[in-house]
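User: Several descriptive terms are applied to this model, and I should like to see the reasoning behind each of them. Please set the values against the criteria.

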Amino acid sequence: MSLVTPVIGAARASIDEFERIISTRQTMFPPFVKRAEHVDFQRTLGQATTLTDAAEAIMVRTGQMYMEYCERCAETGAPISVENNLRLWGQMQHAGRLAGEATGIIFNASSSAAAKKGQRIQRYYRDVAMYRSHISAQFLNFAAPIGRSHLGQAIGLFGL
């Protein structure tokens, strides 16, 4: 969660900046209107918003599930299983993927001026790219261990 929370924040910040951009700039082609009035930019805003909402919902529910597991452990002494730990991790990886996708969609639609060094959109995109390169973000690398754990097999990670 500590790695994904800032990615969701970057997605939210990208959306805010995109809204500012489309509210102040006109389309490049007819009809010449504020970008915020054009369906293409509205669609981009809606898609990025719902991807980010979904990422945040996954994060919140994953946190709730972790607390439920901790409460169960405190009450019964039953530890959180390896499979449950891996599945929580996988859920957060997908939350990060969705938030990263939202940031990428915004980056692609914001114009080349927004991609210049030091611009907000560029910084958010760069920060998300750093997350995407982290081993904890490589969800395909963790899918097989989650499956193996579910099947009761050795997961092949951390000596387990």
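Analyst: A disulfide is a pair of cysteine sulfur atoms within 2.5 Å. The model discussed here is a predicted one, and a search of the whole structure finds 0 disulfides.

User: How do you know that the sulfur of Cys73 is not bonded to another cysteine sulfur?

Analyst: The closest cysteine sulfur to that of Cys73 belongs to Cys70 and lies 7.0 Å away, which is too far for a bond. The limit is 2.5 Å, and Cys70 is accordingly in no disulfide.

User: What makes Cys70 "partly exposed"?

Analyst: The class covers relative accessible areas that are neither under 20% nor over 50%. Cys70 has 27% relative accessibility and therefore counts as partly exposed. Cys73, with a relative accessible area of 29%, is partly exposed as well.

User: Why are α2 and α3 called roughly antiparallel?

Analyst: Helix α2 (residues 39-76) and helix α3 (residues 82-109) pack at an angle of about 165 degrees, their axes being 9 Å apart. Angles over 145 degrees count as roughly antiparallel, and α2 and α3 are therefore placed in that class. Their crossing is left-handed. The residues of this contact comprise 19 nonpolar, 6 polar and 2 charged.

User: What makes the protein chain "more spread out than a compact globule"?

Analyst: The protein chain has 5 helices and 0 strands. For its 160 residues the globule rule gives 15 Å, whereas the radius of gyration is 19 Å, well over that value, so the chain is more spread out than a compact globule. The C-alpha trace spans about 65 × 30 × 25 Å along its principal axes. Buried residues, those under 20% relative accessible area, make up 37% of the 160 residues.

User: What is noteworthy about the backbone at Pro31 and at Ser111?

Analyst: Most residues other than glycine have a negative phi, and most peptide bonds are trans. Pro30 and Pro31, however, are joined by a cis peptide bond, with omega about 0 degrees. Pro31 lies in the loop between α1 (4-24) and α2. Ser111 is a residue other than glycine with a positive phi, near 95 degrees, and its place is in the loop between α3 and α4 (120-133).

User: Is Ser111 buried or partly exposed?

Analyst: Buried would require a relative accessible area under 20%. At 22% relative accessibility, Ser111 therefore counts as partly exposed.

How values were computed:
Residues numbered from 1 in each chain as written. Predicted model: local features only at pLDDT ≥ 70, side-chain atom pairs only at ≥ 80, totals over all residues. Heavy atoms only, no water. Axes fitted to C-alpha atoms, helices over the stretch in contact; angles between N-to-C directions. Helix = DSSP H or I, 4+ residues; strand = E, 2+ residues; numbered from the N terminus. Parallel < 35°, antiparallel > 145°, perpendicular 65-115°, else oblique. Left-handed = near helix turned anticlockwise from the far one by under 90°. Nonpolar A, V, L, I, M, F, W, Y, C, P; charged D, E, K, R; others polar. Buried < 20%, exposed > 50% of the residue type's maximum accessible area, 1.4 Å probe, protein only. Rg over C-alpha atoms; globule rule 2.2 N^0.38 Å.
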